[in-house]
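This report describes a single protein chain, working from its sheet and loops to its cores and helices. The sequence and the model are shown first.

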Amino acid sequence: MEDDESYVVGSGQSNRKSKKKFTHGSIVRIAAKDFLTYDSFQFSLNPKLNVIIGPNGTGKSSIVCAICLGLGGKTNYLARAKDVGEYIKYGQTKAIIEIELYDEPKNILICREIVKHTNSNKSTTSWYRDGVLVSAKIIEETVSGLNIQLSNLCQFLPQEKVADFAKMNKIELLENTELAVCDPQTYKDHMSLKDFRGSEKQLQTKHLSEIENLDMMKRKNERMEQDVVRFKERKNLLEKAADLEKKRAWTVYEDARKKFVELKQHWEQVKKECNEIKKDSVSYEKELDKSARGAEEINQEMRLKGEKLKAAANATKKIHDQISAVEDSIKDKEIEFEEKEKYEQQRLKKLEQCHLMVDSWKKEMSELSTTDVQPQIDEISKEIHVGMKKINNIEFDVNTLQEENQGRVREMKDCDRKIAHLNNLSNRRLEWLKMMNKDMYEAVEWFRKNKQNFKGNVYEPIMLLLNMTDDKCAEILENHVAVRDMMAFVCENPEDNALLVSELRGKRKLKINVVKAPRDRNGKLIQPKDFKPQRPIEQLSDWGFTSYLREMFTAPDPVMSFLCKQYGVHRVPIGTQKTMEIVEQVTKHSGQNLFYIPSIQKPRSKEVIPGIRFSVRKSKYSGNSTVANRSLKQPNYLTTNVDPDQILEVENRKKELYKLNQEVTEKIADIQRQKKVLEKRDNELRSQKKELQQLKSRKKTLENNIQMKLKTIEELQASTVDIESLRKDLRKSLGKIYMGKKQLALKFSKNIKECTILSLDKAHTTVKYVAAIAEKNKIEEKIRQGHARLLESRKKLEQAEGDKKDSQLRAKQLLVEAKQKTGGENCDEMRKVGEDLMKLFSTLPDTVEEMDTLIHDFRARAECCTATDPQVVDEYNRRQREIEVLQKRVDDLQSRLNRSRSEIDEVRTRWLTCLKKLVTEINGKFSKYFAQMGCAGEVDLHADNPEEYDKYGIRIRVKFRSSSSLQELNPFRQSGGERSVSTMLYLMALQSLRKCPFRLVDEINQGMDPYNERRVFEIIVRSSSERDTSQYFLITPKLLPNLTYNEHMTVHCIYNGHFMLPCSQWKLSRFKRRRRHLRYEDDD
């Protein structure tokens, strides 16, 4: 930081120590340059009470901002501008804040330089400590080390945060009080207790969960224990059955081995019998070979004779086929003649029919008229053409008239729409809303589509719901109610309010306004009838008032209640011409602080006097009244503003169109009747024409038919057949055929005899062959019998061999099974299995039947034990191990829980001891201050559950009237002034505890009545003047007269403005002289 800048801001760091005793970290001096409304300022402060007074707008709160920002506070602590660059004076690019803090052995000088960059519109900050450039973190550590807590409302309460202090609940008040006046360890203990309590809950939950798991696992194992006992018993029975099965396996093997020896001897005997049968079969085969050769020679002879018989039979069959062909030829000749004879008969019959038809048609031709009908047809066609032309012209005229009618109907509908549009006030207002605020218009459109999503009634923007009973008052209502609220939705249900804001502001990013319908302290909606004016309107009639503003319009009840509560429309009277004439008397004597006079037209003139708003303000100090008036703006959206002449013009046009439509409709009906007459005549002419055309076409048809039938007759006469000639030719040809058939029959008889002789000779040879075959068959039968015996013998041999092998294989398998069950490797007899097994076997039965009985018995008893799944036993053993591990974990959690409770008890004892002592001290001071004011109040430590450390809070209870009892301080029960008094006295109770260097309160006395304000000020002066109290700043726009002052306080008067004399030119002597002069004038 440059030296000249430091010089301009202030006098630099003060090396001298004040005679007055400052507390460690309190503010000795504050200075600034180009900050907010100031070019520059500098304050040397009192170590006790500093009262900063000045009219509104002179820069008192600017000093508060300088203290906050100069000590590293954030802009949100002030609830003003967000960017620190906005605190630079308008027209400047740099601001400097310098604060001197008391410290030993040397004061600390902190300087903040704020620079706004015009190019990027961003600001930067440079920090200096004792003239050395440092980081913001160094400043934060310095301020924190001095226990300055700008974020704590109990220490630093700017004007914009007064409401936030009143909104603090008991819990927040306790934490802020701990931070403000307690040892840092107390606040840490509180936070630790909350953390410990959370950890303890987690441990308790986990401990209970583990205990439940442990009990559950134990119960499960208790239920499974009986199953495990049965499993062991069953296992023992099965082991005994296994021992019996071992001996049984060796016993069965010994039986199988003996049987194998027997089967081997039987196989050797069957094999010997089979060899003897083979020898007998060889001799029979030799005999068979000799008999087969003799039978073959006879068969060869029989084959030669059969071939000769076959050749003779073929020749005979050939002759027979020739005879059959001759017979077929005779039949064909006879059939051909019959067909020609039949054709001739049909030709004659058809020729006769044709002659009859020609004669009938000629007779019909002679009966038909010989007159030519074509001229009549042509005449009718012309008349039809003329009629159709007239009908087409009529249809064209009708279509033209109907189209004109339809056009007039559409124009009438347009007239209806124009009339509806002119009369639809809501649509006009909605269009105005769309023009003025597109976001609100989109919000209304969305709301109308999503009404069903809301629980209670939600009303569209107020301007769409108002209905003026007197249009003259539209300008008054528009000027009285802010446009922002006119465009606001009104919600009855708070949840609907939140939903509407979330959907429209949050999701859709629409800039809208939403208000809640007013409710009473019980949460019930306030009705418009509950808002009553101070005086009936009749009492104001002498002043020319005729009604209140509420009576000039209608609206839904929640909307009307909102306007009554927010804008007092139920107590704003509406004046008349009479009011205007005596307006000076009205403002002085009527007692009305606000009233309106609507626009008034001058008599016998078109000039209109604009409406006027009158407001009367009375000074609290002097009692003088100030009257302000302003002209009303012209109304934009609440007037109907419809042109009656335009509506009348549209209605007349609609009537004219309707009358034209009626006339044209009647004309169309007349034309339609003419058309029906023409269509009837057209149908008659077409029927006549059709009859004439049918008559003309019948003559032509008959002529054509006669010509065609005559041609047919000529063709039939030309195709005549001679039947007698054909009959003679047939007889001649049949005689020749019969002669040839006779010769073939004689030849056929001769061949038949020859075939008979050859057949008998073949039969004798066949008998000889049959005898030879019979002999052969006998030998073959003997061979077959021998083969059968041999096959049977072989089967027996194979069966014996198979039984032997099966027995041998089974014995081997049984041996393997026996070895597997007993574990023997080289033994092949039971007596070689070993001494242990032999001793075991000696105790067991010797027969397989007895062993099977015992095995069955043991297994049956095992089955009766209810077979237990081995997995159950494994699960039982596994769970038993888990139970042991879980038991250790439960014990560990219990010990941890005990340690945690011990730590909590230790910290809780230390915290509660310190906190109760603190609350007792605060309560003592608080009660004392309230008693000095003639009221009662107390502060106590409140907790619903002593174990819930996050629910502990400081409860303030006050009583301002002797008839009432102590009631908890909250925003709903006490008035604003009572809450301000309570807040101020609580802060003063903290003042004496002096755990912070300074405290600051900005304009908290606003809303107090004079009595309370005086008493509170006296308490502030007394308490801040006590020994070992913190430095105190009280910011106020006014002070009551004749207050108590002492040497421990300093009053800083702020009167900053454009036309003020610079402080460098002030002279105290002039101020004194001016004051004496004013006093003399008052005495006169």
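Helix α3, residues 136–145, lies across β5, β6 and β7 and runs at about 55° to β6. The model that holds this helix is a predicted one.

**The open sheet and its helices**

The strands under α3 belong to an open sheet of 6 strands, arranged in the order β2-β1-β4-β5-β6-β7 with antiparallel pairing. Its edges are formed by β2 (38–44) and β7 (132–134), each of which pairs on one side only. From one strand to the next, the twist averages 20°.

Within this sheet, β4 (residues 94–101) pairs with β5 (residues 108–117) in the antiparallel sense, over 8 bridges. In that pairing, L101 stands opposite I108 of β5.

A further helix, α2 (residues 60–70), lies across β1 (27–35), β2, β4, β5 and β6 (122–129). The direction of α2 is at about 105° to β1.

**Loops between the strands**

Several loops between these strands contain backbone features that can be listed by residue. The loop between β4 and β5 contains P105, and the peptide bond leading from E104 to P105 is cis, with omega near 0°.

Two residues have a positive phi without being glycine. One is L36, with phi of about 50°, placed in the loop between β1 and β2. The other is D130, where phi is near 55°; D130 sits in the loop between β6 and β7. Are these residues buried or exposed, or in between? The relative accessible area of L36 is 18%, under the 20% limit, so L36 is buried. For D130 the relative accessibility is 33%, between the limits of 20% and 50%, so D130 counts as partly exposed.

K48 is found in the loop between β2 and β3 (49–53). What does K48 touch beyond its sequence neighbours? Leaving out residues up to four places away in sequence, K48 touches S1024, E1026, R1027, D1028, T1029, S1030, Q1031, Y1032 and H1048. With a relative accessible area of 13%, K48 is buried.

The relative accessibility of selected residues is set out below.

| Residue | Relative accessibility | Class |
|---|---|---|
| C111 | 2% | buried |
| C415 | 6% | buried |
| T983 | 8% | buried |
| K48 | 13% | buried |
| L36 | 18% | buried |
| D130 | 33% | partly exposed |

C111 and C415 are cysteines, and the structure holds 0 disulfides.

**Nonpolar cores**

The largest nonpolar core has 55 residues. Which of its members touch the most other members? They are L466, L477, M486, F489, L500, F553 and L563. Taking L466 from this group, its contacts, not counting residues up to four places away in sequence, are R429, L477, M486, F553, T554, A555, L563 and L638. A second core, separate from the largest, has 53 residues, including Y929, V958, V1001 and I1019.

**Helices α20 and α21**

Helix α20 covers residues 870–932 and contains 63 residues. Why can its end-to-end distance be called consistent with its residue count? At 1.5 Å a residue, α20 should span 93 Å, and its end C-alpha atoms are 87 Å apart, so the two values agree. After α20 comes G934, which has a positive phi near 80°.

T983 is part of helix α21, residues 976–991. Its relative accessibility is 8%, under the 20% limit, so T983 counts as buried. Between T983 and I956 there is a separation of 27 residues in sequence, and their C-alpha atoms are 9.6 Å apart in space.

**The chain overall**

The chain has 1084 residues, of which 39% count as buried. Its secondary structure comprises 23 helices and 26 strands. Of the contacts between residues at least 6 apart in sequence, 73% join residues at least 24 apart. The contacts listed for K48 include S1024 and H1048, and those listed for L466 include R429 and L638.

Technical notes: Residues are numbered from 1 along each chain as its sequence is written. This is a predicted model: local features need pLDDT of at least 70, side-chain atom pairs count only at pLDDT 80 or more; totals for chains, interfaces and linings use all residues. Side-chain values use heavy atoms; hydrogens and water are left out. A nonpolar core is a set of buried Ala, Val, Leu, Ile, Met, Phe, Trp, Tyr and Cys residues joined through side-chain atoms within 4.5 Å. Buried means under 20% relative accessible area, exposed over 50%, partly exposed in between (1.4 Å probe, protein chains only). Contact means heavy atoms within 4.5 Å. Two strands pair if DSSP finds at least two bridges between them. Helices (H or I, at least four residues) and strands (E, at least two) are DSSP runs, numbered from the N terminus. Axes are lines fitted to C-alpha atoms, for helices over the stretch in contact, and angles run from 0 to 180 degrees between N-to-C directions. A disulfide is a pair of cysteine sulfur atoms within 2.5 Å. The expected span of a helix is 1.5 Å times one less than its number of residues.
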